[in-house]
Amino acid sequence: ADCPFSGWLVHNCQHTEDAGVRCLATEAVVGILPIRLAGGRSAKEGRVELFYKGLWSAVDGIGFGVEESRVACGQLGYSDGRTYMGKRVRWNGTMTMRRPSCFGRESVLSHCRTASWTVTRSSTLQMRDLAYVRCSSTSFRMYGQKG
């Protein structure tokens, strides 16, 4: 459709038609962060970790569900993934990507929304507080392909 243009600063808009933007992440991550699965029984499962600010850090398990699992496994080349509960032991490591939230269309986990990218070292976290996935190995998903 053709849209008429009356010229710059010529309009009949009201403030009720204003648009705005609300950013959900406190710190933007530009680019693709490397991902791996650690501590699982095979290469297809384990604790989700991202390489951020020079170290491998676990991803927060709060809010980590179906869409986040699919994105994480997709980034690793798998077609699908599901979360599972980790062992109930104390975690003595670092955690980042607080409360991740994916739409499922992202090609990499670091492009999903997050409450915070802060790297936290803690021995008070339970393993159940971290994200764990089991990826399917039946087919390969190309980078950027929608699952």
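The following paragraphs describe the disulfides of this predicted model and the parts of the chain that they connect.

A search of the whole structure finds two disulfides, and, with bonded cysteines counted along the chain, their pattern is 1-4, 2-3. A disulfide is a covalent bond between the sulfur atoms of two cysteines.

One of the two links runs from Cys 73 to Cys 135, with an S to S distance of 2.0 Å. It links distant parts of the chain, since Cys 73 sits in helix H1 (residues 66-75) while Cys 135 belongs to strand S7 (residues 132-135), and the two cysteines are 62 residues apart. The angle about the S-S bond is -80°, and the link of Cys 73 and Cys 135 is left-handed. As for the surroundings of this pair, Cys 73 has a relative accessibility of 0% and therefore counts as buried, and Cys 135, at 7% relative accessibility, counts as buried too, because buried means under 20% relative accessible area.

The other link joins Cys 102 to Cys 112, again with an S to S distance of 2.0 Å. Both Cys 102 and Cys 112 lie in the loop between strand S5 (90-96) and strand S6 (120-126), so this disulfide ties together parts that are ten residues apart in sequence. Here the angle about the S-S bond is 105°, and the link of Cys 102 and Cys 112 is right-handed. Although this pair is placed in a loop, Cys 102 is buried, with a relative accessible area of 7%, and Cys 112 is likewise buried, with a relative accessible area of 5%.

Conventions: Residues numbered from 1 in each chain as written. Predicted model: local features only at pLDDT ≥ 70, side-chain atom pairs only at ≥ 80, totals over all residues. Heavy atoms only, no water. Disulfide = S-S within 2.5 Å. Helix = DSSP H or I, 4+ residues; strand = E, 2+ residues; numbered from the N terminus. Buried < 20%, exposed > 50% of the residue type's maximum accessible area, 1.4 Å probe, protein only.
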